[in-house]
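This briefing concerns aromatic contacts and the surroundings of one helix. The structure is shown first, and the points are then grouped by topic.

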Amino acid sequence: YEELKASLKSNEELLAFWINTYNSYIQIQLKKNPKLYQNPGDFFSEESISIAGISLSFDDIEHSILRKAEWKYGFGYIKNPFISDEIENLQVKETDQRIHFALNCGAKSCPKIAIYSDKNLDEELNTNAKAFLKENSSYHPSMKVIYTTPLFSWFKGDFGGLFLEFFLF
């Protein structure tokens, strides 16, 4: 644990490590047993990953580490006060809303899997966010309406708390 904490110094290192860890473990577990996804609540909340001697769930990685203790059901507005010291010490220094276009939860609607590096993270996150949004959004100028992914609704606070009217598909 101490070695991992000491080796991940920059925010880019933390983001790349945890995004890659999340994506790879999802794929490994679903490849071993695709039926795990039949109960997504259990799949994401079960502490099925051991990193540096700490048992973690996918929810821990996404919401407690990458989103800095955001409550899973709080739309990006409510912090979870019940985060362990170990997890808190492994959190990113600054959140980055582009993680929502980088994390692959195993569903068909998830962003494509990519490997992220701390050296090119900004460029990689931008590229993949643009690709995901281009594939999952459409603009209808005559109606002045954007149809886009439900991610913007699920994580409103992560995207600046804008209360734009999105028509989701």
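In this predicted model, F101 has a relative accessible area of 4% and is therefore buried, the cut-off being under 20%. F101 takes part in two of the ring pairs described below, one with F132 and one with F159. A later group of points turns to helix α4, which spans residues 58–66.

**Aromatic pairs of F101**

- Searching the whole structure yields 12 aromatic pairs.
- In the pair of F101 and F132, the ring centres are 5.6 Å apart and the planes meet at 40°, so this pair is classed as tilted.
- These two residues are 31 residues apart and link distant parts of the chain: F101 belongs to the loop between α5 (85–90) and α6 (121–136), whereas F132 belongs to helix α6.
- F132 is likewise classed as buried, because its relative accessible area is 7% and the cut-off is under 20%.
- F101 also pairs with F159; here the centres are 5.8 Å apart and the planes stand at 45°, so this pair too is tilted.
- The pair of F101 and F159 links distant parts of the chain, 58 residues apart, with F159 in the loop between α7 (151–154) and β5 (167–168).
- Both partners, F101 and F159, are buried.

**Other aromatic features**

- One aromatic cluster is formed by Y22, Y37, F43, F44 and F58.
- The face of F75 has K156 lying over it, at 5.8 Å from the ring centre.

**Helix α4 and its ends**

- Helix α4 is mostly covered, with nine of its nine residues buried.
- Among the buried residues of α4 are F58, which also belongs to the aromatic cluster, and the charged-type positions D59, D60 and E62.
- The elements that cover these buried residues include α2 (11–32), α3 (40–45), β1 (49–51), β2 (54–56) and α5.
- At the N-terminal end of α4, S57 acts as a cap: one of its side-chain oxygens lies 3.3 Å from the backbone nitrogen of D59.
- Just after α4, K68 adopts a positive phi of about 55°.

**S64 within α4**

- S64 is located in helix α4.
- The relative accessibility of S64 is 6%, so this residue counts as buried.
- Leaving aside residues up to four places away in sequence, S64 touches D59, A69, I83, I87 and Q91.

Definitions and conventions: Residues are numbered from 1 along each chain as its sequence is written. This is a predicted model: local features need pLDDT of at least 70, side-chain atom pairs count only at pLDDT 80 or more; totals for chains, interfaces and linings use all residues. Side-chain values use heavy atoms; hydrogens and water are left out. Rings of Phe, Tyr and Trp (its six-membered ring) pair if their centres lie within 6.5 Å; planes under 30 degrees apart count as stacked, over 60 as edge-to-face and the rest as tilted. Helices (H or I, at least four residues) and strands (E, at least two) are DSSP runs, numbered from the N terminus. Buried means under 20% relative accessible area, exposed over 50%, partly exposed in between (1.4 Å probe, protein chains only). A charge sits over a ring if NZ of Lys or CZ of Arg is within 6 Å of the ring centre and within 35 degrees of the ring normal. Contact means heavy atoms within 4.5 Å. A polar contact is a pair of N or O atoms within 3.5 Å; within protein, one must be able to donate a hydrogen and the other to accept it, and residues adjacent in sequence count only if both atoms are side-chain atoms.
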